[in-house]
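Work through the exercises below with the sequence and the 3D view open. Try each task before reading its solution.

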Amino acid sequence: GKPVLIADVSGAEGYIPGVSGGRSEMAVPMIARDEVIGVLDAESTEENAFSLAALALFAPFAAQAAGAVQSAALYREIERKNAILRANITEMERMNAELREYSQKISEANEKLERRVRELATLYEAGKTLTSSSLDLDGTLMAIVEMTQSIVKSSSSAIKLLDEETQEMKVRAVFDPGSGRLVRPTFGVTPDMGGAADYKSFLG
């Protein structure tokens, strides 16, 4: 692309009207980074309206205009890509938040499942132990207290049986939270563990 100065466009080949009633034209290619990105065109309704001197001034202006147009186009493209990037980042943050939420739910579900599996395993072992014929009464009571401690995670547990002769509740097996051991108590009714009256009230 070279600059063009046309005194009369009526006989010019390839002329593209830019204004109504145009008679003369001056056109300079807009070049940016060695590529023609457009044409800067000036027209007049009069013949011979433009001179070589005007063309000499028009050409560097066209070069500056080409640089400005390309910069604006690049800026617009950068803004468009930045908008896409921001949208992608927002979507990724949303997806990450959902993943964290799902991960937390899965973790909680796994903890519940593991806890339930442990409980079922404990109950299974408890059932096997309690149905074993090799245990005597004291051994069975102690096993029940120990398993109760494992199943419900209480701070203490005990078994109190009703003495048919005295009609009193007597503690037969207890887990001692202080020592963390199972003990066979030698005492009978204790105020803090309830007596026959409490037992009868419980039974209604």
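A salt bridge is a side-chain nitrogen of Lys or Arg within 4 Å of a carboxyl oxygen of Asp or Glu. This is a predicted model, in which local features need pLDDT of at least 70 and side-chain atom pairs count only at pLDDT 80 or more, while totals for chains, interfaces and linings use all residues. Residues are numbered from 1 along each chain as its sequence is written, and side-chain values use heavy atoms, with hydrogens and water left out.

**Exercise 1. Salt bridges in helix α1**

Task: Find the closest N and O atoms of Glu77 and Arg80, and state how far apart they are.

Solution.
Step 1. The closest N and O atoms of Glu77 and Arg80 are 2.5 Å apart, and the two residues form a salt bridge.
Step 2. Helices (H or I, at least four residues) and strands (E, at least two) are DSSP runs, numbered from the N terminus. Glu77 and Arg80 lie 3 residues apart in helix α1, so about one helical turn separates them.
Step 3. Buried means under 20% relative accessible area, exposed over 50%, and partly exposed in between (1.4 Å probe, protein chains only). Glu77 has a relative accessible area of 30%, so Glu77 is partly exposed. Arg80, at 43%, also counts as partly exposed.
Step 4. A network of salt bridges links Glu77, Arg80 and Lys81.
Step 5. Helix α1 also holds Arg94 and Glu91, 3 residues apart and therefore separated by about one helical turn. Their salt bridge has its closest N and O atoms 2.4 Å apart. Arg94 is partly exposed because its relative accessible area is 39%, and Glu91 is partly exposed because its value is 34%.

**Exercise 2. A salt bridge between loops**

Task: Which parts of the chain do Glu47 and Arg23 link?

Solution.
Step 1. The structure holds 7 salt bridges. One of them joins the side chains of Glu47 and Arg23, at 2.1 Å from N to O.
Step 2. This pair connects distant parts of the chain: Glu47 sits in the loop between β3 and α1 (52–130), and Arg23 in the loop between β1 and β2, 24 residues away.
Step 3. Glu47 counts as partly exposed because its relative accessibility is 38%. Arg23 is partly exposed because its relative accessible area is 34%.

**Exercise 3. Strand β2 and its partners**

Task: How many bridges join β2 to β3?

Solution.
Step 1. Two strands pair if DSSP finds at least two bridges between them.
Step 2. Strand β1 (residues 4–6) runs antiparallel to β2, with 3 bridges joining them. Strand β3 (residues 35–44) is also antiparallel to β2, and 9 bridges join that pair.
Step 3. Now follow Met26. Opposite Met26 of β2 stands Leu5, and in β3 the bridge partner of Met26 is Ala42.
Step 4. β2 and β3 form a hairpin with 2 residues between them, and Arg33 in the turn has a positive phi of about 55°.
Step 5. Strand β2 (residues 24–32) is mostly covered, with 8 of its 9 residues buried.

**Exercise 4. Glu25 and the largest pocket**

Task: Is Glu25 buried or exposed?

Solution.
Step 1. Glu25 belongs to strand β2.
Step 2. Glu25 is buried and has no salt bridge. For charge, Lys and Arg count as positive and Asp and Glu as negative, with His and the chain ends not counted. The nearest side chain of opposite charge to Glu25 is that of Arg23, 12 Å away.
Step 3. Contact means heavy atoms within 4.5 Å. Beyond its neighbours within four places in sequence, Glu25 has contacts that include Val4, Leu5, Tyr15, Ala42 and Phe50.
Step 4. A pocket, on a 1 Å grid over the protein atoms alone, is an open set of points with protein on both sides within 12 Å along at least five of seven lines; lining residues have an atom within 4 Å of a point. The largest pocket is lined by 13 residues, and Gly14, Tyr15, Ile16, Glu25 and Ala27 lie nearest its centre. The elements giving two or more residues to that lining are β1, β2 and β3.

**Exercise 5. The whole chain**

Task: How many helices and strands does the protein chain have?

Solution.
Step 1. The protein chain has 3 helices and 6 strands.
Step 2. Along the sequence, their pattern is β-β-β-α-α-β-β-β-α.
Step 3. Of the 204 residues in the protein chain, 22% are buried.

Definitions and conventions: 1 Å grid on protein atoms, 1.4 Å probe; cavity = no way out; pocket = protein on both sides within 12 Å on 5 of 7 lines; lining within 4 Å.
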